[in-house]
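Biologist: Could you show me the structure and take me through it step by step?

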Amino acid sequence: MKIDWSAIGSVFGVSLAVTVGLVAVFTLGVSALARREKAAAQGDSAALAVTSAYVCFAACAAAVAYGMYLIVAKV
């Protein structure tokens, strides 16, 4: 039995990069919601913060849905 270490390393690297990226996008969404709270407390408009939060959360949901699609498509 021969183990293809380069393939394992490639899968590890891509998985790590996607995980870190997904967490970063989700964090940006939570941060945008916090900016919305701050703007609402000051009486300012928070439309941009809410829109960016929705975009970040939609991107996270799309990435999760795509991952599930990749898993189910192989079965």
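Modeller: The conversation below goes through the chain as a whole, then its helices, then some individual residues. Please note that this is a predicted model.

Biologist: Fine. How many helices and strands are there in the chain?

Modeller: The chain has two helices and zero strands. Helix H1 covers residues 5–42, and helix H2 covers residues 47–73.

Biologist: What does the radius of gyration say about the chain?

Modeller: For 75 residues the globule rule gives 11 Å, whereas the radius of gyration here is 18 Å, well over that value, so the chain is more spread out than a compact globule. The C-alpha trace spans about 65 × 25 × 10 Å along its principal axes.

Biologist: What share of the residues is buried?

Modeller: Of the 75 residues in the chain, 12% are buried. The accessible surface amounts to about 5,900 Å², and carbon and sulfur atoms account for 74% of that surface.

Biologist: Let us turn to H1. What is its reach from first C-alpha to last?

Modeller: The 38 residues of H1 reach 55 Å from the first C-alpha to the last. At 1.5 Å a residue one expects 56 Å, and the value found is close to that.

Biologist: And H2, what span should it have?

Modeller: H2 has 27 residues, which should span 39 Å at 1.5 Å a residue. The end C-alpha atoms of H2 are 38 Å apart, in agreement with that expectation.

Biologist: What comes just after H1?

Modeller: Gly43 follows directly after H1, and this residue takes a positive phi of about 85°.

Biologist: Back to burial. Which residues of H1 are buried?

Modeller: In H1 the buried residues are Gly29, Ala32 and Ala39. Their cover includes H2.

Biologist: Which ones are buried in H2, then?

Modeller: In H2 they are Ala49, Val50, Ala53, Cys56 and Cys60. These buried residues pack against H1.

Biologist: Why might buried positions in a helix recur every three or four places?

Modeller: With 3.6 residues a turn in an α-helix, residues three or four places apart point the same way.

Biologist: Take one of them, Ala53. What is it in contact with, apart from its neighbours in sequence?

Modeller: Leaving aside neighbours within four places in sequence, Ala53 is in contact with Gly29, Ala32 and Leu33. Ala53 has a relative accessible area of 0%, so it counts as buried. The C-alpha atoms of Ala53 and Ala39 are 14 Å apart, and the two residues are 14 residues apart in sequence.

Biologist: What about Leu48, buried or exposed?

Modeller: Leu48 is also found in helix H2. Its relative accessibility is 70%, over the 50% cut-off, so Leu48 counts as exposed. From Leu48 to Ser31 the C-alpha distance is 12 Å, with their positions 17 residues apart in sequence.

Biologist: Changing topic: how many aromatic pairs are there?

Modeller: The count comes to two aromatic pairs. In one of them, the ring centres of Phe26 and Phe57 are 5.2 Å apart and the planes stand at 50°, so the pair is tilted.

Biologist: Which parts of the chain does that pair tie together?

Modeller: Phe26 lies in H1 and Phe57 in H2, so the pair links parts that are 31 residues apart in sequence. Phe26 is partly exposed at 44% relative accessible area, and Phe57 is partly exposed at 24%.

Biologist: And Phe12, where is that found?

Modeller: Phe12 is found in helix H1. It is exposed, with a relative accessible area of 55%. The C-alpha atoms of Phe12 and Glu37 are separated by 38 Å, and these residues are 25 residues apart along the chain.

Biologist: You mention Glu37. Which residue does its side chain meet in a salt bridge?

Modeller: Its partner is Arg36, at 3.1 Å from N to O. A search of the whole structure finds one salt bridge. Both residues are partly exposed: Glu37 has a relative accessible area of 49%, and Arg36 has 31%.

Biologist: Last one: how far apart in space are Gly21 and Cys60?

Modeller: Their C-alpha atoms are 9.6 Å apart, although the two are 39 residues apart in sequence. Gly21 belongs to helix H1 and is partly exposed, with a relative accessible area of 30%. Cys60 is one of the buried residues of H2.

Key
Residues numbered from 1 in each chain as written. Predicted model: local features only at pLDDT ≥ 70, side-chain atom pairs only at ≥ 80, totals over all residues. Heavy atoms only, no water. Salt bridge = Lys/Arg side-chain N within 4 Å of Asp/Glu carboxyl O. Buried < 20%, exposed > 50% of the residue type's maximum accessible area, 1.4 Å probe, protein only. Helix = DSSP H or I, 4+ residues; strand = E, 2+ residues; numbered from the N terminus. Rg over C-alpha atoms; globule rule 2.2 N^0.38 Å. Areas by Shrake-Rupley, 256 points an atom, 1.4 Å probe, with all protein chains shown as cover. Phe/Tyr/Trp six-rings, centres within 6.5 Å; stacked < 30°, edge-to-face > 60°. Expected span 1.5 Å × (residues − 1). Contact = heavy atoms within 4.5 Å.
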